Amino acid sequence: MTTTETLTVREMGLRARRAARVLRSLPTAHKVAALHAASRELQAREAEILEANARDVAAAQAAGLPEHMVARLRLDAASLAAIARDVEAVAALADPVGETTPDEVRPNGLRVSRRRVPLGVLGVIYESRPNVTVDVAALALMSGNAVILRGGRETVGSNAALEEAIRAGLASEGIPAEAVQVIRDPARERMLDLLRLDDLVDAIIPRGGAGLHRYCVENATVPVIVGGIGVVHIYLDESFTRDPADVERAARLIHNAKVQKPSACNALDTLLVHGGALPALPAIARDLIAAGVTLRADPPALAALHAAGLEAEPAQDSDYGTEFLALTASIRTVSGLDEALDFIAAHGNHTDVILTRDPAQAERFVGDVDSAAVMVNASPRFNDGGQLGLGAEVAISTQKLHARGPMGLRELTTTKWVVVGEGQVRA
């Protein structure tokens, strides 16, 4: 089995393209067997993977990487076992490749259908989390795609060890190891090489902050699927605050949306509060503040909080439309649904939630908000491939082409037309 360590990015692309031709027509059972083999290799190589990860963690700490990023980088026996189980979970998903629509017989006798096929070769660029290396490799394989992975410089050793385990699993089942390749050179020039490999790579999927996405869009000649960035709103309607039990539900939901994982792209950024719901705001904000959340509120919301003896800061214009990715949230008072919809139209596109007991308001919100996910009376943290039944995700796309929302197996495929005739010619 060859190593990717000394290959140029172009050489990796050529090998990935050859591997993609093999993967395109692999039977589901063969892909499933390879994923099971990869899972076994990950477990069998626990010591060397954790040793490589320990070196990465030590180097990251020595370089002064923030602790929350070090935490995302760190692996242990339990997390590695969970990663291996995730591979097994992908193997249990339904394979979308080969799905075919029923034949449509045209007036001239041609039988026309569409068949679902892999995209081909994916380039995935991401930061910090070594579990992404395995998650993406598993999803790519199950959907029949080859993948070239470029993680952050802080994960080079971990990703190399994970790559070797996955490739060993593939090779043991007779699948080209080049189906999964990791760029080990952390230089930005190698990322640029991947972004411009448009004759060999079919799609770039970045996972990271806004700066990474912007860099990819501005420098790529390969199509880029942008996702994982955007502002998350919750609109609290007055109707959801008339019953004390609903106020308690709102407090619990909003706490979950902000506190459970504040660094996630589907965590709450801005709470929009109907003016008539302001009396309930202190009951909702109390647990947020206790959890360490800094609230930045407009004058009406600030007055309601201060009157209840709660700490909050005056909001600046820049606090609206900001993806905080931290224990910070902005609050904006609105006169009703119309103003909330206008505000979200100006600032949103990721995940937006309405808390309401008015079915007409809920339906209008769902119809009018143009975001990757729209939710009624549920936490935005559910905008996740695993939570929405996809099993896993490569990213959450916030654009409209070619996929939108969590990207699972189906979103890593496209379709081709199949036309069968009996010698027909076009008049």
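## A tour of the predicted model

Start with the whole protein chain: of its 427 residues, 52% are buried. Keep in mind that this is a predicted model.

Stay with the full chain and colour it by secondary structure. There are 14 helices and 16 strands in the protein chain. The radius of gyration is 24 Å, close to the 22 Å given by the globule rule for 427 residues, so the protein chain is as compact as a globular protein of that length. Along the principal axes, the C-alpha atoms fill a box of roughly 70 × 70 × 35 Å.

Now switch on the surface. The protein chain exposes about 18400 Å², and 51% of this comes from carbon and sulfur atoms. Among contacts with a separation of 6 or more, 71% are between residues 24 or more positions apart.

Next, select the strands β5, β4, β3 and β6. In that order the four form an open sheet with parallel pairing. Residues 180-182 (β5) and 203-207 (β6) are the edge strands, each pairing on one side only. From one strand to the next, the twist averages 20°.

Zoom in on β3, residues 121-126. Five bridges join β3 to β6, and the two run parallel. To find one of the partners, pick glycine 123: its bridge partner in β6 is isoleucine 204.

Finally, add two helices to the view. Select residues 9-23 for helix α1, which lies across β3, β4 (146-150) and β5 and runs at about 145° to β4. Then select residues 131-142 for helix α6. Helix α6 lies across β3, β4, β5 and β6, at about 165° to β4.

Conventions. Residues numbered from 1 in each chain as written. Predicted model: local features only at pLDDT ≥ 70, side-chain atom pairs only at ≥ 80, totals over all residues. Heavy atoms only, no water. Pairing = 2+ DSSP bridges. Axes fitted to C-alpha atoms, helices over the stretch in contact; angles between N-to-C directions. Contact = heavy atoms within 4.5 Å. Rg over C-alpha atoms; globule rule 2.2 N^0.38 Å. Buried < 20%, exposed > 50% of the residue type's maximum accessible area, 1.4 Å probe, protein only. Areas by Shrake-Rupley, 256 points an atom, 1.4 Å probe, with all protein chains shown as cover.
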